[in-house]
Amino acid sequence: MPQDAGHSDPRAIDVVIVGAGFAGLYMLHRLRGLGMTARIFEAGSGVGGTWYWNRYPGARCDVESMQYSFGFSDELQQEWQWSELFSGQPEILRYANFVADKLDLRRDITFNTRVQSAAWNEGSQSWAVGTDQGETVRAHHVVMATGCLSSSRMPDIAGRDSFRGRTYHTGQWPHEPVDFTGQVVGVIGTGSSAIQSIPVIAAQAKHVYVFQRTPNFSIPSRNGPMPAEYEAEWKRDYARRRAEARKMRSGVVSPLNDKSALADSEAERRANYEQRWKLGGTYFMQAYNDLALNKASNDTAVAFVHEKIRAIVHDPKVAEKLLPTNHPIGTKRICVDTDYYETFNRPNVTLVDLHDTPIREITQAGLDTTAQSYAFDAIVFATGFDAMTGTLLKIDIAGRDGASLREAWSAGPHTFLGLMTAGLPNMFMVTGPGSPSVLSNMMVSIEQHVDWIADCLAWMRAHAQGAIEADGAAQEAWVMHVNDVAHRTLYPQANSWYMGANIPGKPQVFMPYIGGVGAYREKCDAIAQAGYEGFRLSPVHAAVQAAE
Ligand code: N01
C-alpha cells in the first residue's frame, strides 16, 4: 500500500482521475469548471482510451459519428467534422486529441503512468494513490475512468509464447503500421474486433486462416462518406437530438418499432428485416420491440440472418459453419461489419471450425489443431477483454478499514448504480458495472455519469460533506434489481463477456444494467435530488478543514 509519508505535499488535491479516455477528459473539464484541483494518470502515451489502444486494421465505431461525440459543448460539436457516417479509429483518436487541445486538458494529465494502488485514510478523508512511477498522490476523491474494455485478454492456449513469428492482440495494437503483405496470418477469435479486422487483413495478406470457436451475428454497417446535408441537418438540430438521445434506452436516436415480431405476418416481417438489413448496423435489433425479450420473436430474426449468410457465402459448407446457433441474436454484442461474410468467398481465406477440430497448442511455426498443423508469419489474437471489472481489480484498492475491492467483488461486482461500491468512500466509477455502460452509446453514458459525479462533488462542497459512500443495503437492492431486469430478457442465455463467461473462473453475473439509459438517468437524478438517498454522507472532519 502506498504511504502518505513519502509525498512532498501533505495536502490532498481534490480529485485523482484514472484514465484519459473520453470519461477522464470530460471529468477533468467539469472539475476545472468547479474550481477543483484534479489530475489524470494515464497508462498510455496519449489521450483516447479505447481508441488509443485498439488500432487494429478496420477498427471502427458502430454508433453513428454524429452521435458518438460529446454533446456538452455546442462549440465542440459544431466545429468538429466527421468524414464518414461511422468513424474509423484514427479519426476518433484525432477527435479525442482535438478535445484535449481545445479544452487545454494536457497540463493536468500525467502520461505513461499506471495507477497501481489506492488506500483510503479515514483521518484525512482522502485516498493515497500509488503509481508505477513510484509517485503517491493524496486526493479527497478518486474517479475511475478506466473504461469497460481496457484489459485485453490473451487466451490460455498451450505453448502460447513459443511462436517464433509476430503476435498481435487487437486491443494492444502497435502504433506503427503493420503490413501483412505476402504473409500467412492466423486470426484467433470471431468477435467484433475480428469481424472488423479480418476483411482488411485478408485484402493484404497472402493467406488468412480464421480460427472460429463460436460464430457471431454480424450486420453490415453501410458505412460511407458523410453526406454534407446529413451533417448540416444534425448540426442545425443538435440540441434537440442530443436531448432525445439522453432519453432513449440505448442513448442513440434511432428508428424504433414499437411492435412485436409476432404481430407481423411472415411477409411483413421479411420486408421489415430486409429494410433493416439495408439500413445496416445496430438498428437491426430495433426491428421489433421484443427481440431481446421473446425467444419466438428472436428466432425470426435469427432465421433471417442465417438466410443472409447462406446467400452471401458461396461455399455451403463454410456458410453452415458461420451460422450462429448457440445464442439468441443480440444476446452477445451484435457485430457490425464491412464485407465480413463476403471475405469467406476469397480464395486466400480459410475458416477453421474449432468445434470440429479444437486448438491443441501453439507451436514455434504456428498452431496445431486436433486435425492439422498450420504455419504462419503472424498470429492475431482477437480474443477480447476481461470486461468491466478486469482493470479495476488489477488495482490494489483498500477502502474503509482496509476493505479490499477484490474481496468485495469476489462473487461478482457489487455496486450502487454502477457509480460507487460500499466500503470505498469517495471513489467513483464512470460507466461501472451495474450501469447501462456497454449496452448504450458510451458517450451519452459517460457524460451522464461525469455530470452526476461533478454535481455530487459540488453539492458535497456546498454542504460541507467530506465523504460519500454507497450504503450496503441500497447497494444490495440495486444489485438485485440489475439481476432481475437482466433475467427478464434473453441476454443471460448467452455465454457472453456481459456475463463474465469469457474468463475462466470469473463469477457469472450479468454486469451491465439493461433497464435503459433514460430510465436509469431519471433514477440517478431522483436519488441526487433526495439528498443522495442510498448513500452515506459524513461531514468534513475538523482536522481536514484545518489542514486545507
Ligand atoms: O472480443 P470478444 P472483441 N480459443 O470477447 C474467441 C467492443 N468492440 O475484442 O466466443 C479460440 O467479443 C472468442 O470465442 P468464444 C464490443 O462491445 C466494439 O472482438 O469465447 N477462440 C471470441 O470469438 C465487443 O463485444 C467494436 O467461443 C477464443 C473472440 O475470441 C467487445 O469490444 C469493435 C479463445 C473474442 O471476442 C469485445 O470484442 C470491436 C480461445 N482460447 C470491439 N479465447 C465496435 O464498436 C477467446 N476466443 C464496432
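A residue counts as buried when its relative accessible area is under 20%, and cysteine 148, at 5% relative accessibility, therefore falls into that class. The model described here is a predicted one, and the points below treat the surroundings of its ligand and then its cysteines.

**Where the ligand lies**
- The shell around the ligand receives residues both from domain 1 (13-151 + 387-547) and from domain 2 (154-216 + 332-384), which means that the ligand lies between these two domains.
- Helix 5 (residues 192-204) supplies the largest share of that shell, namely 3 residues.
- By character, the shell residues divide into 10 nonpolar, 9 polar and 6 charged.
- There are 25 residues around the ligand, and those that come nearest are Thr190, Ser193, Arg213, Thr214 and Trp497.

**Polar contacts with the ligand**
- An N or O atom in the side chain of threonine 214 is 2.5 Å from an oxygen atom of the ligand, while a polar side-chain atom of serine 193 lies 2.6 Å from an oxygen atom of the ligand.
- For arginine 153, a polar side-chain atom lies 3.5 Å from a nitrogen atom of the ligand.
- On its own the ligand has 920 Å² of accessible area, and the protein covers 88% of this.

**Cysteines**
- With a disulfide taken as a pair of cysteine sulfur atoms within 2.5 Å, the count comes to 0 disulfides.
- Cysteine 148 is in no disulfide, and the nearest cysteine sulfur, which belongs to cysteine 61, is 14 Å away.
- The sulfur of cysteine 456 is too far for a bond, because the closest cysteine sulfur, in cysteine 524, is 11 Å from it.
- Cysteine 456 is also buried, since its relative accessible area is 0%.

Methods
Residues numbered from 1 in each chain as written. Predicted model: local features only at pLDDT ≥ 70, side-chain atom pairs only at ≥ 80, totals over all residues. Heavy atoms only, no water. Near = heavy atom within 4 Å. Polar contact = N/O pair within 3.5 Å; in protein donor to acceptor, adjacent residues only side chain to side chain. Areas by Shrake-Rupley, 256 points an atom, 1.4 Å probe, with all protein chains shown as cover. Helix = DSSP H or I, 4+ residues; strand = E, 2+ residues; numbered from the N terminus. Nonpolar A, V, L, I, M, F, W, Y, C, P; charged D, E, K, R; others polar. Domains from an automatic or database assignment. Buried < 20%, exposed > 50% of the residue type's maximum accessible area, 1.4 Å probe, protein only.
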